[in-house]
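Let's take a relaxed walk through this structure. Have a look at the sequence and the model first, then read on.

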Amino acid sequence: WARRCVQETDNDPISDPDIFISETTPNPSQSTSDWKCNALGQDVCVIPKERVNPNATFHFSVYCEKKCRYGINVILRPEIELLEGDRFSNSLTTSESALFTFHVPSDPTIRSVSITLTLGTLNTTKVRMFVVISNEPSVVPSSSNSIRVTPSWLGLSARVYDSDSSLFCVNCTFRILVTSEVNTSYILTCHTSKGFTIIK
């Protein structure tokens, strides 16, 4: 029950490295990859836990349009299921990641879902949160497909309202990836309009 995270650090301001990953194709590209992370800036890719096993092999490539420098970390992490009424607080070290799921119950009176990451560091630009919404296990959060996450003076937050019909849902799963470039403690909280939930 783990996912493999590939984290890329762009150390060259004039270029933007991108990651392409494949289970079957050596040297994968934009068109031959199973997973891709090609957003501007630092990229983080997640491989679904269902595809990771002791005998699995993954090929990955890093592409740059210009000469560049980059660093890559490959990390195995369990996926943590978040249940209502729980509280989750932990810490991350440099280049570490954490994966979470939060299931929104089937309740037609729910009008919003909020996810908040409270940080133990003032350097909030060094910590990132990616969120996707789907009941399909193959849809995992990355730097390329996350919904909007906004900074706050305490950390980061993502909020979805029923007025946004393209994103809002009940009886669905939020998948959350938290990554850090610095050592920091954190608290992850989720709540719907029906009540406040602290996740442990």
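What is the torsion about the S-S bond of Cys 169 and Cys 172, and is the disulfide right-handed or left-handed?

## The disulfides

The torsion about that bond between Cys 169 and Cys 172 is about 85 degrees, so the disulfide is right-handed. One thing to keep in mind from the start: this is a predicted model. In it, the sulfur atoms of Cys 169 and Cys 172 sit 1.9 Å apart. With a relative accessibility of 5%, Cys 172 falls under the 20% cut-off, so it counts as buried.

The total for the structure is 2 disulfides. Besides the pair you've just met, Cys 37 is bonded to Cys 45, with 2.0 Å between the sulfur atoms. Both Cys 37 and Cys 45 are buried. While we're on cysteines, take a look at Cys 190 too: its relative accessibility is 0%, so this residue is buried as well.

## Next door to a cysteine: Thr 173

Strand E13 covers residues 172–180, and that's where you'll find Thr 173. Is Thr 173 buried or exposed? Its relative accessibility is 12%, which is under 20%, so Thr 173 counts as buried.

What does Thr 173 touch, once residues up to four places away in sequence are set aside? The list runs through Thr 101, Phe 102 and His 103, then Val 132, Ile 133, Ser 134 and Asn 135. His 103 deserves a second look, as its side chain makes a polar contact of 3.2 Å with the side chain of Thr 173.

## A three-stranded sheet

Now for some strands. As a bit of background, strands of a sheet pair through backbone hydrogen bonds, and they can do so in parallel or antiparallel fashion. Here, 3 strands make an open sheet with antiparallel pairing, in the order E3-E2-E5. E3 and E5 (59–63) are the edge strands, each pairing on one side only. On average, and ignoring direction, neighbouring strands in this sheet are turned by 15 degrees against each other.

How many bridges join E2 to E5? There are 5 of them, and the two strands run antiparallel. If you'd like a spot to zoom in on, Ile 21 stands opposite Phe 60 in E5.

## The loop with Ser 29

Between strand E2 (18–22) and strand E3 (35–37) comes a loop, and Ser 29 is part of it. Which residues does Ser 29 contact, leaving aside neighbours within four places in sequence? The answer is Phe 20 and Tyr 63. Phe 60 also makes a handy landmark: Ser 29 and Phe 60 are 31 residues apart in sequence, and their C-alpha atoms are 8.7 Å apart in space.

## Strand E9 and its partners

Strand E9 spans residues 112–119 and is mostly covered, with 6 of its 8 residues buried. Which strands does E9 pair with here? One of them is E12 (residues 155–161), joined to E9 by 7 bridges and running antiparallel. Ser 114 has Arg 159 in E12 as its bridge partner.

E14 (residues 184–192) also pairs with E9, again in the antiparallel sense and over 7 bridges. Along this pairing, Thr 118 stands opposite Ile 187 in E14.

## Aromatic rings

Last stop: the rings. A search through the whole structure turns up 5 aromatic pairs. Phe 88, Phe 100 and Tyr 186 come together as one aromatic cluster.

Conventions: Residues are numbered from 1 along each chain as its sequence is written. This is a predicted model: local features need pLDDT of at least 70, side-chain atom pairs count only at pLDDT 80 or more; totals for chains, interfaces and linings use all residues. Side-chain values use heavy atoms; hydrogens and water are left out. Rings of Phe, Tyr and Trp (its six-membered ring) pair if their centres lie within 6.5 Å; planes under 30 degrees apart count as stacked, over 60 as edge-to-face and the rest as tilted. Helices (H or I, at least four residues) and strands (E, at least two) are DSSP runs, numbered from the N terminus. Contact means heavy atoms within 4.5 Å. Two strands pair if DSSP finds at least two bridges between them. Axes are lines fitted to C-alpha atoms, for helices over the stretch in contact, and angles run from 0 to 180 degrees between N-to-C directions. Buried means under 20% relative accessible area, exposed over 50%, partly exposed in between (1.4 Å probe, protein chains only). A polar contact is a pair of N or O atoms within 3.5 Å; within protein, one must be able to donate a hydrogen and the other to accept it, and residues adjacent in sequence count only if both atoms are side-chain atoms. A disulfide is a pair of cysteine sulfur atoms within 2.5 Å.
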